[in-house]
Amino acid sequence: MSTSEAEHVLVVDDNHIFRETLAQRLRDAGHRVTAAESAEKAFFALRDWSRPVGWLYTRACLPGLIDGWILADEYHDHQRRRAVIIAASEARESRQGDIVLNHPSVTTVLEMLRHAIEAARARTAVAPAETGYQRRAA
């Protein structure tokens, strides 16, 4: 996975101020960002193979037929090992390993994304070293 794919963040929130503030702060941190005000637009962004999404933040309750939980399922079809950051009415455990937060602030979402991205980078850095060691041992 390329660095640009790994750092492309899809932000889905029907609150214009929250969505645009988060998107701008992510851009300021060097990430490529696609911001969507509806789950339907986000669904199409997840299906755009020319601009693969590496990370997803979504609000659980969104207007329309698709909600944040459905978006998370779609995301996990292609990013099985990565957590989605989901804003919901209460924090809780997720069977998929997603991070479900109780009405988070922009700063909280940024911190959770930063931690998730750093953890993924650490796993990627360790994996090639383990593979090389296993090959030498064989």
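The legends below describe close-up views of a predicted model.

**View 1. The open sheet and its edges.**
The sheet is open and has 5 strands, in the order E2-E1-E3-E4-E5, with parallel pairing. Strand E2 (32–36) and strand E5 (99–102) stand at the edges; each has a single partner strand, so one side of each is left without a neighbour in the sheet. On average, neighbouring strands of this sheet are turned by 15 degrees against each other, direction ignored.

**View 2. Strands E3 and E4.**
Strand E3 (residues 55–59) and strand E4 (residues 85–88) run parallel and are joined by 3 bridges. Within this pairing, Arg59 stands opposite Ala87 in E4.

**View 3. Helices H2 and H3 on the sheet.**
Helix H2 (residues 16–28) packs on the sheet, where it touches strand E1 (8–12), E2 and E3. The direction of H2 makes about 175 degrees with that of E2. Helix H3 (residues 39–46) lies across E1 and E2 and runs at about 160 degrees to E1.

**View 4. The largest nonpolar core.**
This core has 38 residues. The residues with the most contacts inside the core are Leu10, Leu22, Leu26, Trp55, Tyr57 and Leu71. Helix H5 (residues 106–137) gives the largest share of the core, 7 residues. In soluble globular proteins, nonpolar side chains tend to be buried together.

**View 5. The surroundings of Leu71.**
Leu71 is one of the core residues with the most contacts inside the core. Leaving aside neighbours within four places in sequence, Leu71 is in contact with Val12, Ala39, Ala42, Phe43, Leu46, Leu56, Thr58, Leu62 and Ile66.

Definitions and conventions
Residues numbered from 1 in each chain as written. Predicted model: local features only at pLDDT ≥ 70, side-chain atom pairs only at ≥ 80, totals over all residues. Heavy atoms only, no water. Pairing = 2+ DSSP bridges. Helix = DSSP H or I, 4+ residues; strand = E, 2+ residues; numbered from the N terminus. Axes fitted to C-alpha atoms, helices over the stretch in contact; angles between N-to-C directions. Contact = heavy atoms within 4.5 Å. Core = buried A, V, L, I, M, F, W, Y, C linked by side-chain atoms within 4.5 Å. Buried < 20%, exposed > 50% of the residue type's maximum accessible area, 1.4 Å probe, protein only.
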